[in-house]
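Hi everyone, thanks for coming. Today I'd like to walk you through one structure, piece by piece, so please keep the picture open while I talk.

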Amino acid sequence: MSRLDDRVAVITGAGSGIGLATARRLSAEGARVVCVDIDGDSAAAAAKEVDGLAVRADVTSKDDVARIYATADETYGRIDIALHNAGISPPDDDSILTTGLDAWRRVQDVNLTSVYLCCQAVLPYMRRAGKGSIINVASFVAVMGSATSQISYTASKGGVLAMSRELGVQFAREGIRVNALCPGPVNTPLLQELFAKDPERAQRRLVHVPMGRFAEATEIAGAIAFLASDDSSFITASEFLVDGGISGAYTTPL
């Protein structure tokens with residue numbers, strides 16, 4: 001497939017998981033990929049694999065974020081696709097009864113404020129071009145509640161969803177689409193760590209997925225490639241659920 005020939009994609013959190021899988025997929029479809037990660041070695045490894053550009057950056061820093069998009073534009077002359085994927089889910093983000101303010105703020109900074117900063121920085125480049133696709137990674141927890149709470153993570157993803165919806169409406173007539181991708185549980189290093197640390201809690205999630213398994217990062221990357229391409233040209237301001245049916249289930253199959 002070559003849906004993304006000659007397009008330039010910026011991916012945050014590109015060093016592993018969904019970000020790395022998406023870098024591979026978008027590159028395979030013809031895009032030139034800017035791989036951004038706070039871990040410079042991971043960014044470099046991802047960029048080398050897809051013959052792209054590595055940028056080490058802290059997405060909670062306004063100056064770093066501005067440098068990401070300036071570098072992409074200076075190198076390739078355009079920015080067509082922006083995937084804002086960087087995120088954390090630390091163990092001290094738990095029930096509202098036990099989660100401290102430091103943990104709350106740290107998660108909000110990485111998961112929500114970074115998306116605000118990235119959208120703010122990339123929109124002028126897309127407005128100049130009169131087109132673009134922004135994909136902000138939210139989560140199925142943005143539309144559902146859970147008794148195994150990660151209170152700041154859940155709130156941050158709800159914020160990503162609401163912000164994406166508003167931006168999608170605001171910039172629709174300028175040719176810029178903004179969508180919130182809402183994955184279900186994905187088999188990434190973050191989830192594997194959860195399994196290792198608390199198998200019972202992880203199993204409580206798996207039992208509610210009608211398909212009976214977690215997603216693979218490549219499956220999420222496929223959805224992102226669709227949202228990045230002209231195949232989704234009439235989709236904006238959406239909550240794009242890729243969750244194995246979890247958000248639609250009253251009971252799951254036996």
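Let me start with one term: when I say contact, I mean heavy atoms within 4.5 Å. Please also keep in mind that this is a predicted model.

With that term in hand, take Gln150, which sits in the loop between β5 (132-137) and α5. Which residues does Gln150 contact, once we leave aside its neighbours within four places in sequence? They are Ser89, Asp93, Asp94, Arg201 and Arg205. Is Gln150 buried or exposed? Its relative accessible area is 18%, and buried means under 20%, so Gln150 counts as buried.

Now look at Pro91, in the loop between β4 (81-84) and α4. Pro91 and Gln150 are 59 residues apart in sequence, and their C-alpha atoms are 8.5 Å apart in space. Pro91 has a relative accessibility of 62%, and the cut-off for exposed is over 50%, so Pro91 is exposed.

Let's move to the core. The largest nonpolar core has 37 residues. Those with the most contacts inside it are Val10, Val34, Ile68, Tyr69, Ile79 and Ile134. Where do the core residues come from? Two or more residues each come from the strands β1 (8-12), β2 (32-37), β3 (53-56) and β6 (176-183), and from the helices α3 (62-76), α4 (101-129) and α5 (151-170). Which element gives the largest share? That is α4, with ten residues.

Let's zoom in on Ile134. Setting aside neighbours within four places in sequence, Ile134 contacts Ala82, His84, Cys119, Val122, Leu123, Met126, Ile176, Arg177, Val178 and Asn179. Apart from the largest core there lies another one, of 30 residues, including Ile11, Ile18, Ala21 and Ala47.

Ile18 turns up again with our next residue, Thr188. You'll find Thr188 in the loop between β7 (186-187) and α6 (189-197). Not counting residues up to four places away in sequence, Thr188 touches Gly17 and Ile18. Thr188 has a relative accessible area of 12%, which is under 20%, so Thr188 is buried.

A little further along is Gln192, in helix α6. Gln192 has a relative accessible area of 41%, which makes it partly exposed. From Gln192 to Ile88 there are 104 residues in sequence and 14 Å in space, C-alpha to C-alpha.

Next, a helix. Helix α8 covers residues 217-228, twelve residues, and reaches 16 Å from its first C-alpha to its last. That is close to the 16 Å expected at 1.5 Å a residue. How many of its twelve residues are buried? Nine are, so the helix is mostly covered, given that buried means under 20% relative accessible area. The buried ones are Ala217, Ile220, Ala221, Gly222, Ala223, Ile224, Ala225, Leu227 and Ala228.

Now for a pocket. The second largest pocket has a volume of about 190 Å³. It is lined by 13 residues, and the closest to its centre are Arg7, Lys131, Gly132, Arg177 and Asp230. You have met Arg177 already, as one of the contacts of Ile134. By class, the pocket lining has six charged, five polar and two nonpolar residues.

Let's turn to backbone angles. Most residues other than glycine have a negative phi. Here are two residues to look up with that in mind. Asp6 is not a glycine, yet it has a positive phi of about 70°. Asp6 lies in the segment before β1, and it is exposed, with a relative accessible area of 52%. The other is Ala237, whose phi is positive too, near 60°. Ala237 is in the loop between α8 and β9 (239-242), and at 22% relative accessibility it counts as partly exposed.

One last stop: Gly77, in the loop between α3 and β4. Gly77 is partly exposed, at 46% relative accessible area. Beyond its neighbours within four places in sequence, Gly77 is in contact with Ala72 and Arg128. How far apart in space are Gly77 and Phe234? They are 26 Å apart, C-alpha to C-alpha, and 157 residues apart in sequence.

That's my tour, and I'm happy to take your questions.

Note on methods:
Residues numbered from 1 in each chain as written. Predicted model: local features only at pLDDT ≥ 70, side-chain atom pairs only at ≥ 80, totals over all residues. Heavy atoms only, no water. 1 Å grid on protein atoms, 1.4 Å probe; cavity = no way out; pocket = protein on both sides within 12 Å on 5 of 7 lines; lining within 4 Å. Points joined across faces, edges and corners; volume = space filled by probe spheres on them. Nonpolar A, V, L, I, M, F, W, Y, C, P; charged D, E, K, R; others polar. Core = buried A, V, L, I, M, F, W, Y, C linked by side-chain atoms within 4.5 Å. Buried < 20%, exposed > 50% of the residue type's maximum accessible area, 1.4 Å probe, protein only. Helix = DSSP H or I, 4+ residues; strand = E, 2+ residues; numbered from the N terminus. Expected span 1.5 Å × (residues − 1).
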